[in-house]
Amino acid sequence: MISDEKHNRSGGAPPSDSRGGQNFPEPWVIEPMPLNLLEAPLDFFFADHYRQRQAALMIQLIADGEFDRQGVVDLIDFLEVDFVLHVGDEELGFFPILRQCCSTEDDIDSLLKRLADEHKADEAIGDEALTILKRRLAGDELSPEDCRRLRVFAEHIRQHLAVENAVLLPIARLRMDANSLETLSMILKQRHAKDHH
Ligand SMILES: [Fe+2]
Ligand SMILES: [Fe+2]
């Protein structure tokens, strides 16, 4: 949702080019999920990873002292709803189906275990980060330790999705046939039927 407040900078941060800069034209906006991609589930995950990259950028900007009220509200909502849904999409839908499509030589189990372990770590680091973001939204100044924790979370998100984009999705594109893709698509549609975003 766009509101005028979105464009009001507050919180005493010095002016910067974080909004409208050449490299990051809209740093405080996370695009809505294109639900038509549910027909192409691997593209759906790739698109959701792009949104997570945007969330990581926003977390980093906040750690750097930037603030955009509506951006932080949207970020908190994204982390509490969409991010959690994504992990479930992978662990309850994608990973089990991919496992069935792979042979032992793919060594998919160790990759999926690593990713699931990272999801667990994300949960713990993410809860901390959410508490910090909510305090920031309430007007608190962030301590250097708060900023460090936010940076750790942003980096964790980036590293995780880099592995999923560079290793997981290419294996899935090789191994998943039309039937397994269709099954995954159905599961995702059911999971996102309640998605109000
Ligand atoms: Fe993941
Ligand atoms: Fe992912």
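These legends go with four close-up views of a predicted model.

**View 1. The largest nonpolar core, where four helices chip in.** This core has 19 residues, and Ile59, Ile62 and Leu150 touch the most other members. At least two residues come from each of α1 (41-63), α2 (69-101), α3 (108-137) and α4 (144-175). The biggest share is from α1, which puts in six residues. A second core sits separately, with twelve residues, among them Leu38, Phe44, Phe45 and Ala172.

**View 2. Zooming in on Ile62 and its contacts.** Leaving aside residues up to four places away in sequence, Ile62 touches Phe67, Val72, Leu133, Arg136 and Leu150. Ile62 is also one of the buried residues of α1.

**View 3. Helix α1 from end to end.** With 23 residues at 1.5 Å each, α1 should span 33 Å, and its end C-alpha atoms are indeed 33 Å apart, so the two agree. Its buried residues include Pro41, Phe44, Phe45, Asp48, His49 and Gln52. Among the elements covering the buried residues of α1 are α2, α3, α4 and α5 (178-192). Just past the helix, Gly65 has a positive phi of about 100°.

**View 4. α2 against α3.** The two axes come within 11 Å and cross at roughly 170°. Angles over 145 degrees count as roughly antiparallel, so that is how α2 and α3 run relative to each other. On the α2 side, the residues in contact include Val72, Leu79, Val87, Phe95 and Arg99, while those of α3 include Ile108, Leu112, His119, Leu130 and Leu137. Sorted by class, this contact has 14 nonpolar, two polar and five charged residues.

Key
Residues are numbered from 1 along each chain as its sequence is written. Chains are lettered from A and ligands numbered from 1 in the order in which they are written. This is a predicted model: local features need pLDDT of at least 70, side-chain atom pairs count only at pLDDT 80 or more; totals for chains, interfaces and linings use all residues. A nonpolar core is a set of buried Ala, Val, Leu, Ile, Met, Phe, Trp, Tyr and Cys residues joined through C-beta atoms within 7 Å. A residue is buried if 20 or more other C-beta atoms lie within 10 Å of its own, exposed if 12 or fewer, and partly exposed in between; C-beta atoms are placed from the backbone. Helices (H or I, at least four residues) and strands (E, at least two) are DSSP runs, numbered from the N terminus. Two residues are in contact if their C-beta atoms, placed from the backbone, lie within 7 Å. The expected span of a helix is 1.5 Å times one less than its number of residues. Axes are lines fitted to C-alpha atoms, for helices over the stretch in contact, and angles run from 0 to 180 degrees between N-to-C directions. Angles under 35 degrees count as roughly parallel, over 145 as roughly antiparallel, 65 to 115 as roughly perpendicular and the rest as oblique. Ala, Val, Leu, Ile, Met, Phe, Trp, Tyr, Cys and Pro count as nonpolar, Asp, Glu, Lys and Arg as charged, and the others, Gly among them, as polar.
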